[in-house]
Amino acid sequence: MMIDLRSDTVTRPTPAMLAAMMAASIGDDVFGEDPSVNALEQKAAAMFGMEAALFCPSGTMTNQLAIRTHVRPGDEVICDQLSHIYLYEGGGIAVNALASVALLAGERGKLTPELIAPAINNPTDPHRPLSRLVSLENTVNKGGGCYYTIPEIAAIRQLCDERGLALHLDGARLFNALAETGDAPEAYGRLFDSISICLSKGLGCPVGSLLLGSAAFIAQAKRFRKLMGGGWRQAGFLAAAGIYALDHHVGRLKQDHARARRIGQIMAAQPDVHSVLPVDTNIVIIRLHEGITNTDYIANLKERGILAVAFGPQLVRFVTHLDLTDEHIEQFGQALAGQTVGAA
Ligand SMILES: *Cc1c(COP(=O)(O)O)cnc(C)c1O
């Protein structure tokens, strides 16, 4: 049996989630008549104390809709160089929003007011794009699952208010951050103009993300979703999985974090491993010694029944999730015991 640590998107719906999906009340969501979609959107908006929500097929779509809605063509988005919105969304900021990007080099993908302030262009200088939006990611995927504290975000919010910029959160793994900090979702609702959360990551849904914001913002995003072909019909079967996940899968995320820490400890003792990034949530990133390529290392792991992904030169990522047990982690340790992949 393979231990699949490639991503927290590899989970399968639990029998109880599947039962909730099969029992869903449905209707045509383009007509606004799918009761399960409406209930999910209302539930998520209420949870974060925001006015409205929009259920979408992917986190890429919710991020791209948010950016498209915040900016005008030629405006600039400020984000970290490790951001998913920049690295992994197919150049969507340029294509969907016709916007440019100011890339910053934060610590493990986290920004600060000190980094952002000099990147805000003078709005009276016609040479420069108008800085319109700051986008944060929490937890930071490429940063190894690190997270922000509320005071860190509040300082960035204050700068955005002073300079007239909107603030978006790519919260694909926001619930992992909340599990560690104990922060309330409403605190996030107060700090951001828009938030994207993924149901298909740590929460274990087969599909789905939500965009949260003001009623006017979500109404505009909904127009853009339709023009991108994202207006969907009886999406209630999927929304029912989301409602189930928000009710049953949020409270268990700390288990994923404990298992990730265990994987981090095991990897730190491996002879091929140069270092392990601090394990803050459910992501473990290892750096291999010079001379060992991540492709060889991953192929060798696969022979031992472990799946992981390359995450940059010398880097390999492992992600824990709902479908793993403590037995898997024990098996993981046994598969690696005393092994050298080799050839340094
Ligand atoms: C997974 C992820 C997304 C969205 O991905 P989709 O596959 O489009 O749902 C967005 N941001 C981050 C940080 C992610 O890890």
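**Close-up views of strand 13 and helix 10**

**View 1. Strand 12 meets strand 13 in a hairpin.** Strand 12 (residues 309-310) runs antiparallel to strand 13, and two bridges join them. The model shown here, as in every view, is predicted. Ala310 has Val316 as its bridge partner in strand 13. Four residues lie between the strands of this hairpin. Gly312 takes a positive phi there, near 120°.

**View 2. Strand 10 pairs with strand 13.** Strand 10 covers residues 283-288. The pairing is antiparallel and runs over five bridges. Ile285 stands opposite Arg317 of strand 13.

**View 3. Strand 13 is covered on both faces.** The strand spans residues 315-319, and five of its five residues are buried. Leu315, Arg317 and Val319 lie on one side. Val316 and Phe318 lie on the other.

**View 4. Helix 10 has a buried side and exposed residues on the other side.** Buried in this helix are Phe217, Ile218, Ala221, Phe224 and Arg225. They cover an arc of only 115° around the axis, so they sit on the same side of helix 10. Ala216, Arg223 and Leu227, on the other side, are exposed. The cover over the buried residues includes strand 2 (52-56), helix 3 (59-70), strand 7 (194-198) and strand 8 (209-213).

**View 5. Helix 10 from end to end, and the residue just after.** Helix 10 has 13 residues, 215-227. At 1.5 Å a residue it should span 18 Å, so the 19 Å between its end C-alpha atoms agrees. Just after the helix, Gly229 takes a positive phi of about 85°.

Definitions and conventions:
Residues numbered from 1 in each chain as written. Predicted model: local features only at pLDDT ≥ 70, side-chain atom pairs only at ≥ 80, totals over all residues. Heavy atoms only, no water. Expected span 1.5 Å × (residues − 1). Buried < 20%, exposed > 50% of the residue type's maximum accessible area, 1.4 Å probe, protein only. Arc of directions from axis to C-beta. Contact = heavy atoms within 4.5 Å. Pairing = 2+ DSSP bridges.
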